[in-house]
Amino acid sequence: MINEVTNLVVEALPQVQGYVYPNEANVHPVWSVLIVIYPYITGLVAGAFIMASLVRVFNVKALAPVYRLSMLTALAFLLCATLPLLCHLGHPERNYEVMMTPHMTSPMAIFGFVYAWYLMAVLLLELWFDFRQDFVRWSKTTPGFQGLIYRVLTLGVTDLSEKSVRLDMKMEWVLSIIGIPSAFLLHGYVGFIFGSIKANPWWGNVLMPIMFILSAIVSGIALCVFNYIVLSWIRRKAVDMRCLDAMAMFLFYALVVDAVIEGLDVFHRGFAAEEGFAVLQTMIREKLFYTLNIGQAGIGTLLPLVMLGSLQLLRKRVPEAARRTMIFFSGAMILFGVLMMRWNVVMGGQFFSKSFRGVMSYKTEFAGQEGWLLAAVIMCLPPIILTVLVKLFLSDSKELQPSEHLPEPSAKT
Amino acid sequence: MKNQISRRGSLLRMGGAIAGLLTISVARTAKAAVQKVFVSANAPKGYDPTKHKWLMCIDDNKCIGCGLCAEACKKENGVPEGPYFRTWIERYIIPKPKPGSGETRGEAIVDSPNGGIPKGGVSAFPEPTLPKDQIEHAFFVPKLCNLCENPPCVQVCPVGATFKAPDGAVLIDPKYCIGCAFCVQACPYGARFLNPVSKTAEKCTLCYHRITRNLKPACVEICPAEARVFGDLNNLKADDPIQKFYEKNRVQVLKPHLGTEPRVLYAALDKEVR
């Protein structure tokens, strides 16, 4: 771009470089931080659930100690998944229209249904079947209000006979099987919201749903790792290293696949170099330099890959404490990196003009409707909910294990 | 027995006929209800959107960049001040190639200060920074909603608040729009924005309140150069300007590769325009 003109336009519109359509020269982005955390939260749900499914469907015994924790993590985050969307609407009071008169061709319209299906039909049901036996037991032993909660949660089904418990187990297995494609649907679909926008070359991409699913799995497992270590630390309990190593292994392989697919995306864009490629290059070199190259690729992908990869190679030769620390920090870095990835996708698509002739800068508000404060509050909610859920349902560390569904009191293995 | 069966048969046939009639009436009521939607979009009673097919043509050779169209549009439709435009004018300056560069032309310089709306009777476009002898081409391009046959904005609206009317206009029901801005993101032409006051999506309606009353859109009405040609394909007159435009020019649309099939047709468009 010729300097004189750039300067000229900058004079008129301080937040714009080059030429952008006049409607794009906004002070605030149309989709802001709230839309960044929306796919982040949804991804954590899908990932945590898929990680829990490894225990139920694929019978990965080593992961059993985190089964219930991951399921409750998924629930805590799912309860808050729609909040950022709701707060971002210009007319939140009309939100029910999305479910009442959905416009079937819209990728966004179906979200309400996918969400409701996932919450009601998959997650809550599976949790209920898993916890029902315990609810019955606890309702008998716990006094007061908490006991009442457990009694209500049994939904009146207090039958603990072998037949009834076997049914629980069967249902849970069926739900897990339905749950895996549902989790893929939930998050792949969020990816499709962006991937379907052909007007925007940063978004419109068939790989987008796949990248969203893979990064969701990675972030979900990382969150479970994080939660498990933090919970053990708070309770001053030893971490089950067999479980943690297994999680680290799955995390590593998921991250490898994720990194390969995201690398393929970058490679493909560079090779095809379609219309608007020049402006996408500016994005990577300037606008998203820190969040993409350092945040997402460096801290979020390469460092954890090296750390987790070396653990896979050296295995038991690394002392336990060091292993634990490395896995913990890998998890934390991945969580940060995936958040950066959501930022790069959502904000990246809005940093350049659809005329491909200029780039925009924004001021993100602090306290406004789409500001940092609200986003931070929404991000704080799931951990709070999770704390309550853990207090209520996982008060004993033994209960981290999935219920074995054995009719009481016989305890055969 | 036989008699009974035939009675039943005839009853069934009668019932079928009544049901058929009812279906037709239900369908007609539904159609009327749909048309009422257009009344709410500022069309007068009795306007039948199925009997029209609106088309906007732009002869780019004629645009002088006065910006009166963009100004008239803001006034006519009460568009808020600031970076909100239902139509705007872009200026393209294409420099001569640097000697020995091997290029056919220099890199295009594009601007549209305040949408091209003149300020205090003075053109919005500042003097070009390039000396005249270094400019190969300079021209203006009016932009507006491209009235796509396959509008991506309509496709993505989660509640169906935005729709394509049978007469070709793409409209928004502001009482229904939830303000998610998905359509703003999906429009390849930057023709949509979120109204900061109503918090709903907004765009060019072709001045629906005017065209349904046999008036031209404000931008067409005011254009002193007759660069904008507007008409109804279903009711072409003998010497309709649209007909002439078609006969005289080869036409082009913006971003044809996206498959949106715009109904805003440009004559004499340059490759730099997108």
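Author: Two residues touch, or are in contact, if their C-beta atoms, placed from the backbone, lie within 7 Å. This is a predicted model, in which local features need pLDDT (the predictor's confidence in each residue, from 0 to 100) of at least 70 and side-chain atom pairs count only at pLDDT 80 or more, while totals for chains, interfaces and linings use all residues. Residues are numbered from 1 along each chain as its sequence is written, and chains are lettered from A and ligands numbered from 1 in the order in which they are written.

Reader: Which residues does A:Met247 touch, not counting residues up to four places away in sequence?

Author: A:Met247 is found in helix 10, residues 241-272 of chain A; helices are DSSP runs of H or I with at least four residues, numbered from the N terminus. One partner, A:Cys224, is 23 residues apart from A:Met247 in sequence and 8.5 Å apart in space, C-alpha to C-alpha. Leaving out residues up to four places away in sequence, A:Met247 touches A:Leu63, A:Val66, A:Ile221, A:Cys224 and A:Val225.

Reader: Is A:Met247 buried or exposed?

Author: A residue is buried if 20 or more other C-beta atoms lie within 10 Å of its own, exposed if 12 or fewer, and partly exposed in between. Because A:Met247 has 27 C-beta neighbours inside 10 Å, A:Met247 counts as buried.

Reader: Which helix of chain A gives the most to the largest nonpolar core?

Author: A nonpolar core is a set of buried Ala, Val, Leu, Ile, Met, Phe, Trp, Tyr and Cys residues joined through C-beta atoms within 7 Å. The largest one has 174 residues, and A:Val45, A:Ala74 and A:Met247 are among those that touch the most other members. With 18 residues, the element of chain A that gives the most to this core is helix 2 (residues 33-56).

Reader: Which residues does A:Ala74 touch, not counting residues up to four places away in sequence?

Author: A:Ala74 is one of the residues of the largest nonpolar core that touch the most other members. Beyond four places in sequence, A:Ala74 touches A:Val45, A:Ala48, A:Phe49, A:Ala52 and A:Leu123.

Reader: Which helix gives the most to the side of chain A that touches chain B?

Author: In all, 37 residues of chain A are in contact with 40 residues of chain B. Helix 1 (3-12) and helix 5 (97-100) are the elements of chain A that give two or more residues to this side. With five residues, the element that gives the most is helix 1 of chain A.

Reader: How much of chain A is buried?

Author: Chain A has 14 helices. Of its 413 residues, the share that is buried is 46%.
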